[in-house]
Amino acid sequence: MAFFSITAVAQQKNVSQKDSIIYQKNYGLRLGVDMSKLLIGATDDHFSGYELVGDYRIQKDLYIAGEIGFIEKTSDEDNYNFTTKGSYITVGFNKNTFQNWLEMDNEIYYGARYGFSSFSQKVNTYTVFQKGTEIEGVSSAYFEPKTVDLNRTYTNLSAHWISFVLGLKVETFNNLFLGASVNFSKLIGATEPNNFKNLYIPGFNKVYVTNSGVSFNYTLSYRIPLYKK
Amino acid sequence: MKKYRLVFLLLLSLLSACENDDFCTEDTTPRLIIGFYDLENPEEFKKAPLIVWAEKMDSIYQEASLDSIALPLNPDSRNITYKFSHSKEVDQINFTYESEDVFVSESCGFKAIFTNLGIESSTNIWIESIDINNSFIENENQVHVKIFH
């Protein structure tokens, strides 16, 4: 919510800007990396991944944007454990809504993406879920639960989705940006493994029961300036 | 600010769509359902006061007078012997089966279902006859084994 109030202040100041000179904006290709995935990968044994982000300014406030990445993640659930491994690509646009003062070039943007991922799911181990048997009022497992080291890999899986993106970018030094964004995604389709389910998809993140997902990134990016307009 | 209000509402509605599937509410590994029937009138249930246990294990039913009971099967084994004590007379049935593990959902994980249910051996002290009604045990909605007495 803090972003929104900053914008409100910015809009009030605009009134006095009418007769000022027009500041030109840098146009170019901006490339960056998601630092959160690198950080999580360095601290969490069950995750490794990277994401490269890029955008290209086509109008003062409009960018063509996309991400590519690779993720390998092991998810530990109560009764089973699986590893998802694969890469993804997303393409779409970002529309800046932030009114900058002077030569500043910050952004509060919204956008949309189409995402595609190609991946594999490996079911490592599972324990068969069997309801407890009640004996003298106490419910417990009647037999020793059955645990299987399956190590079965389902390959050639894919999924595609659409996302709504909200984010911000701050120019810290000339052409160097810090950014954060959140993606709200909805699966359009996926090839499901036989006798398992895509509970995690690279790029999409955890798949909730409604086939929706949320993902975040924190980026550091650099704009290769091509021209000013 | 109107634009932001719209975006904020959209964001809220998307967040609420992310429901977690926390509790296992689906049917998981089914138990074996045994019904007790009247030998003279095979369509009618006939209750039996029973103590039931798997060989070398605790009793699941103690002096319960029921027309049907549910017994767990061990997915890690291919056979199990259950003992049925009726007025101090103990009969036993050795069931054989195959099991298959099936993925249910995120919160339940895997369950087992049982196929090719058969009877390897049985005794006939108070039990007159045994009939397999359904050798495929996928749910607990019907009687799988009928015992006539």
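Gln99(A) sits in the loop that links β4 (80-96) to β5 (107-127) in chain A. In this predicted model, Gln99(A) counts as partly exposed because 15 C-beta neighbours fall inside 10 Å, between the limits of 12 or fewer for exposed and 20 or more for buried. Take Ser212(A) as a partner for a distance check: Gln99(A) and Ser212(A) are 113 residues apart in sequence, and their C-alpha atoms are 32 Å apart in space.

Now over to the backbone of chain B. Glu63(B) has a positive phi although it is not a glycine, and Ser87(B) likewise shows a positive phi in a residue other than glycine. Here they are side by side:

| Residue | Phi | Location in chain B | C-beta atoms within 10 Å |
|---|---|---|---|
| Glu63(B) | about 55 degrees | strand β3 (residues 59-66) | 9 others |
| Ser87(B) | near 50 degrees | loop between β5 (79-86) and β6 (89-105) | 9 neighbours |

Glu63(B) is exposed because 9 other C-beta atoms lie within 10 Å, and Ser87(B) counts as exposed with its 9 neighbours inside 10 Å.

What about the interior? The largest nonpolar core has 32 residues, and Leu32(B), Ile34(B), Leu71(B) and Ile147(B) have the most contacts inside it. Strand β1 (residues 32-37) of chain B gives the most to this core, contributing five residues. Leaving aside residues up to four places away in sequence, Leu71(B) touches Arg31(B), Leu32(B), Ile34(B), Val52(B), Ile60(B) and Tyr82(B). There is also a second, separate core of seven residues, which includes Ala159(A), Trp161(A), Ile201(A) and Val207(A).

Notes: Residues are numbered from 1 along each chain as its sequence is written. Chains are lettered from A and ligands numbered from 1 in the order in which they are written. This is a predicted model: local features need pLDDT of at least 70, side-chain atom pairs count only at pLDDT 80 or more; totals for chains, interfaces and linings use all residues. Helices (H or I, at least four residues) and strands (E, at least two) are DSSP runs, numbered from the N terminus. A nonpolar core is a set of buried Ala, Val, Leu, Ile, Met, Phe, Trp, Tyr and Cys residues joined through C-beta atoms within 7 Å. Two residues are in contact if their C-beta atoms, placed from the backbone, lie within 7 Å.
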